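Hi there,

Here is the structure I promised to pass on. Have a look at it first, and then read on for what turned up.

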Amino acid sequence: MKTWKWLILLLGTLLTMSACSGTESRGEGEITEVDKITAWAWDPRFNIAALDMAEDYFAGETELETIENAQDDIIQKLNTGLSSGTMKGMPNIVLIEDYRAQSFLQAYPDAFYPLDDYINPDEFASYKVATTSLDGKQYGVPFDSGVTGLYVRTDYLEEAGYTVDDVTNITWEEYVEIGKAVKEKTGVDMITLDPNDLGIVRVMIQTVGSWYVEEDGTTPDIANNEGLAKAFELYKQMMEENIVKINSDWSQFVAAFNNGEVATVPTGNWITASVKAEESQAGDWAVVPIPRLDMEGAVNASNLGGSSWYVLNVDGKEQAAAFLADTFGANTDFYKQLVKEIGAIGTYLPALVEDDFSSEDEYFGGQNIIQAFSKWTDDIKGVNYGMHTYSIEDILVAAMQDYLNGKELEDVLNQAQSQAEAQLK
């Protein structure tokens with residue numbers, strides 16, 4: 001009798017499962033479909049614009065709602081939600097910067113949905129696959145390259161007696177000297193910096209293949225890091241020479257060059273759309289290779305940022321994965337439009353092969369900047385970002401202030417090394 005009761009209960013359960021609306025079976029369990037998937041991203045002129053464009057290439061019927069958040073807000077929301085053990089309120093798709101990816105994947109691997117069945121990792125740049133995968137599983141759809149360039153106002157350079165050639169393939173030391181002359185002749189600062197963001201230091205040290213950690217991606221490399229020491233010295237020199245316009249957030253950063261308050265913007269290629277947003281400056285800009293540190297083996301190429309798309313393990317994850325697979329994961333036509341309309345250089349290799357990057361950009365005086373960025377990408381020195389970039393940078397931000405306030409550089413870096421070792425132990 002007990003056996004019959006058990007069989008009746010089992011049959012009832014199976015019938016109930018098969019009758020549930022909005023679900024279907026796929027090997028490992030149920031698929032819960034949703035009417036709408038959501039995505040979190042930052043930068044409306046680049047990442048969000050790319051998502052909006054992707055909707056036009058998606059073959060499915062699922063609606064996408066994109067919610068704009070500042071990058072720091074996304075990080076805070078993810079950390080708060082995931083650390084609490086609940087996925088309530090989480091989006092289906094989230095954009096995560098490559099520097100931060102491993103910290104999330106290693107801390108919350110069950111929170112992310114593997115995408116191995118949706119994309120072919122071999123079709124993406126290998127350095128991006130390394131940051132978006134863990135333990136043999138692919139969790140991210142690699143997106144943009146963070147290849148950097150030096151955006152320069154040619155009219156300000158000319159007023160100061162320089163040409164574009166004078167700022168091409170230079171060292172950071174030469175950059176500072178030119179900045180002093182530009183400030184003296186034009187009254188315009190050379191660069192805008194946020195004291196709480198040492199992105200410029202990261203750009204500098206990667207020109208010599210250096211990072212905050214050693215090659216193992218874990219051991220702090222601060223006290224004896226020659227490239228980092230030089231970057232600190234250059235940062236202080238720029239501040240002391242009064243060629244820096246201080247900013248405190250993204251909007252102030254963009255306003256500095258849109259308003260004509262700085263002569264150069266050394267940053268990732270993802271800034272192109274924001275530069276071009278100020279139509280009155282068309283023809284006044286050019287892009288040249290990023291300066292290098294004056295050290296043996298340094299190159300005029302570096303990286304800043306770059307991000308990838310992840311699917312969170314919530315209802316609708318299969319639809320979200322299908323959306324990414326249909327667009328960022330395999331569509332060469334989509335990538336061609338990304339390059340043409342927002343200057344986004346993806347890391348999907350078939351699109352890079354098919355697109356000859358032959359278009360000239362009149363905003364940049366007819367320069368073919370996409371072709372230039374693509375060439376510089378090949379020259380970037382690879383480094384292991386590890387999972388502690390921003391934890392260490394928090395320490396270095398305070399260390400930089402100590403250095404700017406007069407503390408000896410050697411003491412500053414030694415103390416930062418000790419702090420990082422203690423914190424990451």
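To get you started: in which loop is N169 found? N169 is in the loop between α6 (154-159) and α7 (172-186). Please keep in mind that this is a predicted model.

**Backbone angles**

N169 caught my eye for its phi, which is positive at about 55° although N169 is not a glycine. Most residues other than glycine have a negative phi. As for its surroundings, N169 is partly exposed, because its relative accessible area is 43%.

D43 also has a positive phi, near 70°, and is likewise a residue other than glycine. You will find D43 in the loop between β3 (36-41) and α2. D43 counts as buried, because its relative accessibility is 8% and the cut-off for buried is under 20%.

**Helix α2 and what lies around it**

Helix α2 covers residues 47-55, and seven of its nine residues are buried. Those buried residues are N47, I48, A49, A50, L51, M53 and A54. They pack against strands β3, β4, β5 (93-97) and β14 (307-311), and against helices α12 (317-326) and α13.

D52 is in this helix too, but D52 is partly exposed, with a relative accessible area of 39%. D52 also belongs to a negative surface patch, which is formed by D35, D52, E55, D56 and E63.

Past the helix, in the loop between α2 and β4 (63-68), you come to E61. E61 counts as exposed, because its relative accessibility is 82%. If you want a sense of scale, E61 and P266 are 41 Å apart in space, C-alpha to C-alpha, and 205 residues apart in sequence.

**Helix α15**

Helix α15 takes in residues 369-377, and its buried residues include I369, I370, A372, F373, S374 and W376. Among the elements that cover the buried part of α15 are β9 (148-153), α11 (272-276), β13 (285-288) and α13 (332-342). Helix α13 therefore turns up in two places in this email, since the buried residues of α2 pack against α13 and α13 helps to cover α15.**Salt bridges**

The structure holds 14 salt bridges. Here are some of them:

- K128 pairs with D98, with the closest N and O atoms 2.6 Å apart. This pair links distant parts of the chain, with K128 in helix α5 (residues 126-132) and D98 in helix α4 (residues 98-107), 30 residues apart. Both K128 and D98 are buried.
- D155 pairs with R153, and here the closest N and O atoms are 2.7 Å apart. D155 counts as partly exposed at 26% relative accessibility, whereas R153 counts as buried at 5%.
- E177 and K180 meet through their side chains at 3.3 Å, N to O. They are separated by about one helical turn, because they are three residues apart in helix α7. E177 is partly exposed at 40% relative accessibility, and K180 is partly exposed at 27%.
- D72, E97 and R100 are linked in a network of salt bridges.

Happy browsing, and write back with any questions.

Best wishes

Definitions and conventions
Residues are numbered from 1 along each chain as its sequence is written. This is a predicted model: local features need pLDDT of at least 70, side-chain atom pairs count only at pLDDT 80 or more; totals for chains, interfaces and linings use all residues. Side-chain values use heavy atoms; hydrogens and water are left out. Buried means under 20% relative accessible area, exposed over 50%, partly exposed in between (1.4 Å probe, protein chains only). Helices (H or I, at least four residues) and strands (E, at least two) are DSSP runs, numbered from the N terminus. Contact means heavy atoms within 4.5 Å. Patches are made of residues with over 30% relative accessible area and no salt bridge: like charges are joined within 9 Å, nonpolar side chains (Val, Leu, Ile, Met, Phe, Trp, Tyr) within 5 Å. Accessible areas come from the Shrake-Rupley method with a 1.4 Å probe; for residues, only the protein chains shown count as cover. A salt bridge is a side-chain nitrogen of Lys or Arg within 4 Å of a carboxyl oxygen of Asp or Glu. Lys and Arg count as positive and Asp and Glu as negative; His and the chain ends are not counted. The place of a charge is taken as NZ of Lys, CZ of Arg, CG of Asp or CD of Glu.
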